[in-house]
Amino acid sequence: MPIRNSPFYLPLLSALVAVELVLAFSAFGYIVIPPISLTFMPLPVLIGALLFGPVEGLFLGGIFGLTSMWKASVSATAYADQIFSPFISGAPLSSIVLSVGIRMVFGYLSGYLFLY
């Protein structure tokens, strides 16, 4: 039975979204080593892409991108994180593509690669 038809599909996907949000808005998600910050936030994206496939990896990657864009705009934890903020960087379209688009592609390609 495909996992999308399983009764555990929505609870597992919701749990991965919750883990993503907890990592994004707590001290557990980012480790600041100037001038950059390291993050564990790709792990739920990779787990979701492995369990569910490319579409869910794309969705989780989008959440990762949106939260990192929010984090960079509100409180850039490191100087280099400012490139992810469309308000601070000076290049709003490039920042949106970099923070959201690339991470969505990462989730999609991860799910696609896990299929094969």
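These legends walk through a predicted protein model, from the whole chain down to one residue.

**View 1. The elements of the protein, in order.**
Let's start with the building blocks: the protein holds four helices and two strands. Read from the N terminus, these elements follow the order α-β-β-α-α-α.

**View 2. The overall dimensions of the protein.**
Along the principal axes, the C-alpha atoms fill a box of roughly 50 × 25 × 20 Å. The radius of gyration is 15 Å, which agrees with the value near 13 Å for a compact globule of 116 residues.

**View 3. Inside and outside.**
How much of the protein counts as buried? Of its 116 residues, 38% do. Turning to the outside, the protein exposes about 6,800 Å², and 79% of that area comes from carbon and sulfur atoms. As for contacts with a separation of 6 or more, 59% of them are between residues 24 or more positions apart.

**View 4. A closer look at Ile31.**
Here we zoom in on strand β1, which covers residues 30–33 and includes Ile31. Is Ile31 buried, partly exposed or exposed? Its relative accessibility is 37%, so Ile31 counts as partly exposed, because that class lies between the 20% limit for buried and the 50% limit for exposed.

**View 5. The surroundings of Ile31.**
Leaving aside residues up to four places away in sequence, Ile31 touches Ile36, Ser37, Leu38 and Phe40. Gly53 makes a handy landmark for distance: Ile31 and Gly53 are 22 residues apart in sequence, and their C-alpha atoms are 28 Å apart in space.

Note on methods. Residues numbered from 1 in each chain as written. Predicted model: local features only at pLDDT ≥ 70, side-chain atom pairs only at ≥ 80, totals over all residues. Heavy atoms only, no water. Rg over C-alpha atoms; globule rule 2.2 N^0.38 Å. Buried < 20%, exposed > 50% of the residue type's maximum accessible area, 1.4 Å probe, protein only. Contact = heavy atoms within 4.5 Å. Areas by Shrake-Rupley, 256 points an atom, 1.4 Å probe, with all protein chains shown as cover.
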